[in-house]
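Welcome to a short tour of charged side chains. Take a look at the model first, and then we can go through the charges together.

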Amino acid sequence: MTSMPVVSLPGTASNTFQQARAASNPLGWTDDKILETVYITHVHTAERYDVESLFNLTSNIIKRSTAVADSVAVQSQTGTSVGLVEDKILVSSFDPPFRKLKHIASQMMSTPHGEHHAHETAMSILEQLKTYTWDGKAIFALAAFALEYGNFWHLVQVPSGDHLGRSLAQMNRVHTIEKNRQAIADYNSLVKNLLHAVECITELERLSTKGYDTKDVPALIEAMQEIPVAVYWAIVTTVVCANHIDFLMGDS
């Protein structure tokens, strides 16, 4: 018995590929789809980590780094002076999880460009931080980014007499920033917005633990349901910031 030949319809394979690609692109997802995807990575636990101290430290680093970046981008004509930045109070006994932060920072910086890759890295980070509170996940990712971003801008300020510092600055190619002022300004604006978004997430998380009656604050229910989605986008944005840090040096 002769078998029937298999006939491929024109465009079927390409259509299937495009559909699969669209399905894997988080930019096309609804909030419900994102919530369903990220919620399975979360594990409720009584274990608490001092995310407030980590956030305060991270906030100080980013605010001072963006102030230095502003001064470079506009050649000190406008922007927030580094000396006018108000630091958050730090707990002297706080011991940051350096190895974990460094690991996640490396993971984010080595992520290839593209929405799909940023999504995959964000999901990996969420899995690694599954026992953290929702705001803790966003804070941790931002802290990992701040570790690298802060180091970079700190080296910009190294005095000429600091020979070790100057060598490290050259190794980090900080001398190239003079040619990329517009890129620095645009990048810095994104980092500031990211910090503000994480601040809003932490405030919502704080309000949710205050024991407010949802009858008195009905909007709180909807806000709480949005927190995991907001955390997801905050982490995706952090990944994008981290894997585009080479733009500061004029790389593409």
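Let us begin with aspartate 31, which sits in helix H2. Keep in mind that the model you are viewing is predicted. Is aspartate 31 buried or exposed, or something in between? With a relative accessible area of 38%, aspartate 31 is partly exposed, because that value falls between the 20% limit for buried and the 50% limit for exposed.

Aspartate 31 has company. Together with Asp32, Glu36, Glu222 and Glu226, Asp31 forms a patch of negative charge on the surface. Which helices supply at least two residues each to this negative patch? They are helix H2, spanning 31-39, and helix H9, spanning 219-243. The largest share comes from H2, with three residues.

Now for the opposite charges. Side chains of opposite charge can pair when their charged atoms come close. Across the whole structure, a search finds five salt bridges. The table lists some of them, with the distance between the closest N and O atoms.

| Lysine partner | Acidic partner | Closest N and O atoms |
|---|---|---|
| Lysine 63 | Glutamate 199 | 4.0 Å |
| Lysine 192 | Aspartate 70 | 2.7 Å |
| Lysine 130 | Glutamate 127 | 3.5 Å |

How far apart in the chain are glutamate 199 and lysine 63, the pair whose closest N and O atoms are 4.0 Å apart? They are 136 residues apart, so to speak from distant parts of the chain: glutamate 199 belongs to helix H8 (residues 181-208) and lysine 63 to helix H3 (residues 51-73). Glutamate 199 is partly exposed at 24% relative accessible area, and lysine 63 is also partly exposed, at 29%.

The salt bridge of lysine 192 with aspartate 70 has its closest N and O atoms 2.7 Å apart. Lysine 192 lies in helix H8 and aspartate 70 in helix H3, so this pair ties together parts that are 122 residues apart in sequence. Here the two partners fall into separate classes of exposure: lysine 192 is partly exposed, with a relative accessible area of 36%, whereas aspartate 70 has 13% and counts as buried. Aspartate 70 is placed there because buried means under 20%.

Finally, lysine 130 and glutamate 127 form a salt bridge at 3.5 Å between the closest N and O atoms. Lysine 130 is partly exposed at 33% relative accessibility, and glutamate 127 is partly exposed with a relative accessible area of 37%.

Terms used: Residues numbered from 1 in each chain as written. Predicted model: local features only at pLDDT ≥ 70, side-chain atom pairs only at ≥ 80, totals over all residues. Heavy atoms only, no water. Patch = residues over 30% accessible without salt bridge, like charges linked within 9 Å, V, L, I, M, F, W, Y side chains within 5 Å. Areas by Shrake-Rupley, 256 points an atom, 1.4 Å probe, with all protein chains shown as cover. Salt bridge = Lys/Arg side-chain N within 4 Å of Asp/Glu carboxyl O. Lys, Arg positive; Asp, Glu negative; His and termini not counted. Charge placed at Lys NZ, Arg CZ, Asp CG, Glu CD. Buried < 20%, exposed > 50% of the residue type's maximum accessible area, 1.4 Å probe, protein only.
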